[in-house]
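The following paragraphs lead the reader through selected features of the model shown below.

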Amino acid sequence: MAIEILAPAGSLESLQAAVRCGANAVYLGGKAFNARRNASNFSDEELKNAVEYCHQRNVKVYLTLNTLVSDSELSTAYDAIKSACDAGIDAFIVQDIGLASLVRQVCSSVPLHASTQMSVQSIEGIRILEKLGFSRAVLPRELSEKEIAAISAQTDMELEYFVHGALCMCVSGQCLMSSVLGGRSGNRGLCAQPCRLPFGVNGKGGNNLSLKDLSLVDEIRRLEKAGICSFKIEGRMKRPEYVAAAVTACKNAVNATPDEKLSRSLQAVFSRSGFTKGYFEGKLGKDMFGIRTKENVEDASGVLSGLGKLYEKENPLIPVDFSFIFLPDSPMILTASALGKTICVEGNTPQPAINRAITLEELRDRLSKCGGTQFFAENVEIDFSDGLFVSAGELNALRRNALSAIEEALAENEPNTVSLYNNIIVPHRCTETALHARFFNAREIPESLPHISRAIVPLDTDGETVERICKSGIEVAAEIPSAVFSSSEKYAKDLIRLKSHGVSLAWACTLDGISIAEKAGLPFASGFGMNIFNSLSVKEAEALGAKDILLSCELNLSQVAHLGGDIPRGIMAYGRIPLMLTRNCPVRNKLSCSECKGDSFLVDRMGVEFPVRCRNGCSYILNSRPLWLADKKNDIRNCDFSLLYFTTETKEQVEAVIDSFVNGKSPDGEFTRGLYFKNVI
């Protein structure tokens with residue numbers, strides 16, 4: 001596949017800026033179900049017009065449906081898919097595996113692109129995407145050049161990667177900070193960006209969750225060599241001038257025509273203390289962090305008018321070939337061909353010249369003037385006879401008619417086959433609720449685990465501990481973390497080792513984990529981080545072979561109770577919800593690992609403390625207080641198990657929590673009900 005510059009289009013003006021500056025494709029959202037719901041976005045009619053505009057200029061359009069969708073929204077999602085298919089979009093960008101199944105069912109002819117929100121970090125996850133029918137994966141920004149190349153070498157799937165724009169601190173799809181702290185979900189397209197606010201470390205101040213913006217514009221050819229075919233610019237919430245500058249800079253990089261002035265303007269129009277290449281180069285640490293300063297804002301105002309000139313006029317980007325018949329006693333016929341489309345328009349019969357005949361060169365010159373359109377004349381062939389005359393106005397009108405007709409031909413879309421879907425959901429039913437316990441550290445596990453039917457242990461657990469738990473009749477599962485990256489082989493070996501001691505199940509927290517479990521010869525359960533949010537994703541997890549599933553903690557209890565599907569399911573009923581998974585440790589901005597000793601915390605502006613725990617080269621930022629539903633068991637309906645999610649507790653605290661849940665006790669100390677009694681937006 002040829003290099004694709006993929007630009008953001010949060011509004012019509014940004015779309016025009018992207019196209020006129022040479023983007024090969026744009027991604028945009030409808031009025032619902034996209035990760036930038038606060039952008040202007042596009043109505044159904046606007047989407048249709050946008051697709052026509054882009055296709056007339058040889059630009060593809062990808063629709064973002066990259067949020068989690070509830071059961072009550074599935075009918076609206078169906079309408080959005082159908083409208084997009086009717087409009088002729090070129091691909092859907094999807095996060096929710098349930099929504100992906102709906103797209104396949106409704107409009108299977110349109111390609112599926114896996115959003116970076118799916119958190120696929122390795123070739124193992126790519127294998128699952130292949131099974132699910134995806135043709136492209138948007139890789140996480142946290143991958144290094146070496147890791148990208150390793151994935152590319154093992155798949156023919158198209159790979160897309162962000163080359164410019166904002167960097168989230170959290171691995172995409174694994175952030176719950178905005179929803180848990182403020183009820184606005186990043187997984188639902190309304191992230192409030194609390195990470196951009198001050199967060200100190202152990203009382204030491206700073207903005208330790210705010211990264212600089214990414215810019216790999218100068219590394220596009222290296223990325224291409226590593227296996228990337230689509231180079232994505234972040235910024236559907238940003239100004240069209242930013243889009244124009246970023247697209248132009250990317251085109252310059254592809255064409256090896258650097259423009260230092262434009263590069264400076266690109267940084268001025270939007271940056272956070274400059275740019276970073278940290279993840280790509282494998283250089284993490286303090287240099288990757290930055291904030292939006294007063295100076296950054298002032299710099300932007302000085303370059304906007306200049307950048308606006310990049311897209312104020314139509315740029316001739318599409319070659320057109322003309323073939324013109326100019327003979328006596330025969331109507332003039334102009335044939336235009338562009339991008340595989342050919343049309344013919346007919347004019348009047350040329351008149352014998354009275355004063356001066358038009359020359360061949362004059363005809364060629366006038367037909368070649370496509371100014372003000374997206375076309376430029378590449379080849380002009382004329383079947384010419386001397387001694388004839390045609391006015392400039394008549395010839396110009398013929399050329400305009402031909403270009404208008406070829407434009408209409410380019411906008412024509414092959415009709416997509418759209419099917420209905422079965423929207424009848426029968427709620428799951430169960431009579432008993434088991435207790436599962438998940439442990440971040442093996443040293444937290446008490447000698448006895450009464451009333452626990454499954455213990456989920458970390459991969460570094462020793463064999464003796466596993467055997468002891470198994471002897472008590474408890475099923476032991478090993479957790480494959482949501483942070484996989486380049487550790488998949490190591491995780492598979494750890495699973496095989498634990499399997500020999502009695503582990504009978506893998507707890508997979510991303511799609512990567514499913515393949516890792518298969519490699520180790522273990523069945524899997526769907527764990528924390530899989531974002532199972534609707535009845536269709538429940539069924540997809542079952543189709544993938546899950547033994548049971550942990551539902552998203554962004555669902556409320558009413559939504560949980562009404563989910564369909566036959567597979568056993570449960571909810572997290574106790575524990576500190578992981579608000580973020582980060583590959584760049586925020587604590588290391590202030591402390592070394594030896595100083596931290598694995599027991600540090602972030603502090604927000606109100607003095608609230610959020611524990612940070614590290615494992616496998618990544619950090620987990622935990623909620624300030626534990627979720628507690630022990631005294632709300634009667635409100636939990638149609639769940640086969642409740643999960644006790646242990647992170648910072650001692651053995652004694654673990655025993656006390658289990659006893660509280662068995663006996664339905666009220667909480668002692670600070671706690672949260674999470675989102676189970678709210679409606680997350």
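In what order do five strands form an open sheet, and is the pairing parallel or antiparallel? The order is β8-β26-β27-β28-β25, and the pairing is antiparallel. Strands β8 (200-201) and β25 (578-582) are the edge strands, each pairing on one side only. Strands here are DSSP runs (E, at least two residues), helices are runs of H or I with at least four residues, and both are numbered from the N terminus. Two strands pair if DSSP finds at least two bridges between them.

The model is predicted: local features need pLDDT of at least 70 and side-chain atom pairs count only at pLDDT 80 or more, whereas totals for chains, interfaces and linings use all residues. Residues are numbered from 1 along each chain as its sequence is written, and side-chain values use heavy atoms, with hydrogens and water left out.

Within the sheet, strand β27 (residues 609-615) runs antiparallel to strand β28 (residues 618-622), and four bridges join them. Val612 has Ile621 in β28 as its bridge partner.

Helix α19 (residues 535-544) contains Val538. This residue, Val538, is buried (under 20% relative accessible area, 1.4 Å probe, protein chains only), with a relative accessible area of 0%. A distance of 35 Å separates the C-alpha atoms of Val538 and Val608, which are 70 residues apart along the chain.

At the surface, Asp44, Glu45, Glu46 and Asp79 form a negative patch. Such a patch joins like charges within 9 Å, from residues with over 30% relative accessible area and no salt bridge, that is, no side-chain nitrogen of Lys or Arg within 4 Å of a carboxyl oxygen of Asp or Glu. Helix α2 (residues 44-55) supplies the largest share of the negative patch, three residues, and Glu45 lies in this helix.

Methods: Patches are made of residues with over 30% relative accessible area and no salt bridge: like charges are joined within 9 Å, nonpolar side chains (Val, Leu, Ile, Met, Phe, Trp, Tyr) within 5 Å. Accessible areas come from the Shrake-Rupley method with a 1.4 Å probe; for residues, only the protein chains shown count as cover. Lys and Arg count as positive and Asp and Glu as negative; His and the chain ends are not counted. The place of a charge is taken as NZ of Lys, CZ of Arg, CG of Asp or CD of Glu. Buried means under 20% relative accessible area, exposed over 50%, partly exposed in between (1.4 Å probe, protein chains only).
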